[in-house]
Amino acid sequence: CSYLLCYIVLSCTIVAVSFSLYSVLLYFMLAFFFFFFQAEDGIRDAQESRGLGDVYKRQFYHRLNALLFHGVTVIFCCAVATNFTVFWDITEPASCKLTAHPPIKFIRFDHPKHTVKADMAQFRFDIDVDLQPLWNWNVKVLFVFVTAEYATPSHPLNQVTIWDHIVTEKSMAVLNKKGVLNKYQLFDHGFNLRGNNITFKLNWYTVPVSGPLFSSTHTTHSMTMPVTYMN
């Protein structure tokens, strides 16, 4: 029994430390030698044997069944244990800086023939962030986006996404962009942008291969909008 327990611990360690094709093959090699070359005592059936060949035939099927069942159990337990590691592998970026420039366009849409009636602002900003420390075995993609937040008399919190980017590889997780133009215009349909304070935040979602979705937000820059419109 103690020998079996040591074998189970050893096999779980092999698969969990290096969960790859080679570790799985090594596990099945160990399992083969353990189940097929152990002592014959205590593993025979209660029914009468018709000969030595019948004994080894029944032992083969019993041991094959034990090998497959034990293998699936070990791999499942290792997969579950490995998936739990993502909860304590959450790290912060090596650097995170977002600087927004004064608006290059700030106008009021209020034409009688125009369907949109709102304040509209367009910005350029600099992004310098290193998201490589966030990357691990369970990261599929990183969804990075910039939001502009401000308060109005009717809504204490307004959040507008003005730029986004998808990172698909660790080597692409370093973003160093200068003078980036926002992809999506900042609109306020209550005409409350003039003289208002805007806070820019850099956000990202960690999209995993399996498990929960993690998110993070960093406040990086604030500015006060002009009190007059500008083209």
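Visitor: How many helices and strands does the secondary structure of the protein come to?

Guide: The model shown here is a predicted one, and its elements can be followed along the sequence in the pattern α-α-α-β-β-β-β-β-β-β-β-β-β. Counting the two kinds of element in this protein gives 3 helices and 10 strands.

Visitor: What percentage of the residues in the protein is buried?

Guide: A residue is taken as buried when its relative accessible area is under 20%. The protein has 231 residues, and the buried share of them is 35%.

Visitor: Which atoms supply 63% of the area that the protein exposes?

Guide: The protein exposes about 13,900 Å² in total. The part of this area that amounts to 63% is supplied by carbon and sulfur atoms.

Visitor: How many of the 12 residues of strand E5 are buried?

Guide: Strand E5 covers residues 139-150, and this strand is described as mostly covered. It pairs with strand E9, residues 197-208, in an antiparallel arrangement of 10 bridges, and it also pairs with strand E6, residues 158-167, in the antiparallel sense over 9 bridges. Of the 12 residues in E5, the number that are buried is 9.

Visitor: Which residue in E6 stands opposite alanine 148?

Guide: The pairing of E5 can be read residue by residue on either partner strand. Towards E9, valine 146 stands opposite leucine 202. Towards E6, the residue opposite alanine 148 is valine 160.

Visitor: Which element gives the largest share of the largest nonpolar core?

Guide: The largest nonpolar core has 32 residues, and those with the most contacts inside it are Phe125, Ile162, Trp163, Leu186 and Phe200. The elements that give two or more residues to this core are E1, E4, E5, E6, E7 and E9. The largest share is 6 residues, and the element that gives them is E5.

Visitor: Which valine residues does tryptophan 163 touch, leaving out residues up to four places away in sequence?

Guide: A touch here requires heavy atoms within 4.5 Å. The residues that tryptophan 163 touches include Phe125, Ile127, Phe145, Leu175, Lys177, Leu181, Lys183 and Tyr184. The valine residues in its list of contacts are Val144, Val146 and Val180.

Visitor: Why is one side of strand E1 and of strand E7 left without a neighbour in the sheet?

Guide: Three strands form an open, antiparallel sheet in the order E1-E4-E7. Strand E1 (95-100) and strand E7 (174-181) stand at its edges, so one side of each has no neighbour in the sheet, and the reason is that each has a single partner strand.

Visitor: What is the bridge partner of aspartate 128 in E7?

Guide: Strand E4, residues 124-130, is joined to E7 by 6 bridges, and the two strands run antiparallel. Within E7, the bridge partner of aspartate 128 is asparagine 176.

Visitor: By what angle are neighbouring strands of the sheet E2-E3-E8 turned against each other on average?

Guide: This open sheet has 3 strands with antiparallel pairing, and its edge strands are E2 (105-109) and E8 (186-188), each of which pairs on one side only. When direction is ignored, the average turn between neighbouring strands of this sheet is 15°.

Visitor: Which residue in E3 stands opposite phenylalanine 106?

Guide: E2 and strand E3, residues 118-122, run antiparallel and are joined by 5 bridges. The residue in E3 that stands opposite phenylalanine 106 is alanine 121.

Notes. Residues numbered from 1 in each chain as written. Predicted model: local features only at pLDDT ≥ 70, side-chain atom pairs only at ≥ 80, totals over all residues. Heavy atoms only, no water. Helix = DSSP H or I, 4+ residues; strand = E, 2+ residues; numbered from the N terminus. Buried < 20%, exposed > 50% of the residue type's maximum accessible area, 1.4 Å probe, protein only. Areas by Shrake-Rupley, 256 points an atom, 1.4 Å probe, with all protein chains shown as cover. Pairing = 2+ DSSP bridges. Core = buried A, V, L, I, M, F, W, Y, C linked by side-chain atoms within 4.5 Å. Axes fitted to C-alpha atoms, helices over the stretch in contact; angles between N-to-C directions.
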